[in-house]
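Let's take a friendly walk through this structure, with an eye on charged pairs, packing and strand pairing. Have the viewer open as you read.

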Amino acid sequence: VQLQASGGGLVQAGGSLRLSCAASGRRSYRMGWFRQAPGREREFVAAVRWSGTSTYYRDSVKGRFTISRDNAKNTVYLQMNSLKPEDTAVYYCAAAEATYALGSPLGYDYWGQGTLVTVSS
């Protein structure tokens, strides 16, 4: 499985960005977005399975971020609205073969290269 993330950039607070993650190779069970700010641990942002309708979010992004997928394009998106300076981080997409540890980096087997999101105040 190979993952290619894109869509990061510089945006003012209150603005929006859409991240994309194109997956190739064997389809995994679940896709997730994580982020890592300087000096901080990588943290879960959102996840979605390739089948079904369930989505999962960390509390601080609920109502602002939306994860979605396009199965035909093997692509997962993260629409980020009402961005805040504290959302500034490198965002990573990841693919999981397992069904457990949805909110932990340990639950994911493959990682994209990361895309930087900077939100200015």
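Does Arg-26 count as buried or exposed, and at what relative accessibility? Arg-26 has 52% relative accessibility, and because the cut-off for exposed is over 50%, this residue counts as exposed. Please keep in mind that this is a predicted model.

**Charged pairs**

Side chains of opposite charge can pair when their charged atoms come close. Here the count comes to six salt bridges. Three of them are set out in the table.

| Salt bridge | Closest N to O distance |
|---|---|
| Arg-26 and Glu-97 | 2.7 Å |
| Asp-59 and Lys-62 | 3.1 Å |
| Arg-58 and Glu-43 | 3.6 Å |

Start with the salt bridge between Arg-26 and Glu-97. This pair links distant parts of the chain, 71 residues apart: Arg-26 sits in the loop between strand E3 (17-24) and strand E4 (30-36), while Glu-97 sits in the loop between strand E9 (89-96) and strand E10 (110-111). Glu-97 is partly exposed, at 31% relative accessibility.

Next comes the salt bridge between Arg-58 and Glu-43. Arg-58 belongs to the loop between strand E6 (55-57) and strand E7 (65-70) and Glu-43 to strand E5 (residues 43-49), so this pair ties together parts 15 residues apart in sequence. Arg-58 is partly exposed, with a relative accessible area of 24%, whereas Glu-43 counts as buried at 18%. Salt bridges with shared partners also join Arg-35, Glu-43, Arg-58, Arg-64 and Asp-87 into one network. As for the salt bridge of Asp-59 with Lys-62, Asp-59 is exposed, with a relative accessible area of 64%.

**A serine in the loop between E3 and E4**

The loop between E3 and E4 also holds Ser-28. Ser-28 is buried, its relative accessible area being 8%. A polar atom of the Ser-28 side chain lies 3.4 Å from the backbone oxygen of Arg-30. Leaving aside residues up to four places away in sequence, Ser-28 touches Trp-50, Ala-95, Ala-96 and Glu-97. Glu-97 is the salt-bridge partner of Arg-26.

**The nonpolar cores**

Which residues touch the most other members of the largest nonpolar core? Among its 27 residues, they are Met-31, Trp-33, Val-45, Phe-65, Leu-78, Met-80 and Tyr-91. At least two residues of this core come from each of strand E1 (2-6), E3, E4, E5, E7, strand E8 (75-80), E9 and strand E11 (115-120). A second, separate core has seven residues, including Phe-34, Phe-44, Ala-94 and Ala-96.

Val-45 is a good place to zoom in. Not counting residues up to four places away in sequence, its contacts include Trp-33, Phe-65, Leu-78 and Tyr-91. Val-45 also touches Arg-35 and Arg-58, and both of these arginines belong to the salt-bridge network.

**Strand E8 and its partners**

Why can E8 be called largely enclosed by the rest of the structure? Five of its six residues are buried, so the description fits. E8 runs antiparallel to E3, and six bridges join them. In this pairing, Leu-19 stands opposite Leu-78 of E8; Leu-78 is also one of the core residues listed above.

E7 pairs with E8 as well, in the antiparallel sense and over six bridges. Within E8, Val-76 is the bridge partner of Arg-69. E7 and E8 form a hairpin with four residues between them, and Asn-74 in the turn has a positive phi of about 50°.

Definitions and conventions:
Residues numbered from 1 in each chain as written. Predicted model: local features only at pLDDT ≥ 70, side-chain atom pairs only at ≥ 80, totals over all residues. Heavy atoms only, no water. Salt bridge = Lys/Arg side-chain N within 4 Å of Asp/Glu carboxyl O. Buried < 20%, exposed > 50% of the residue type's maximum accessible area, 1.4 Å probe, protein only. Core = buried A, V, L, I, M, F, W, Y, C linked by side-chain atoms within 4.5 Å. Contact = heavy atoms within 4.5 Å. Polar contact = N/O pair within 3.5 Å; in protein donor to acceptor, adjacent residues only side chain to side chain. Pairing = 2+ DSSP bridges.
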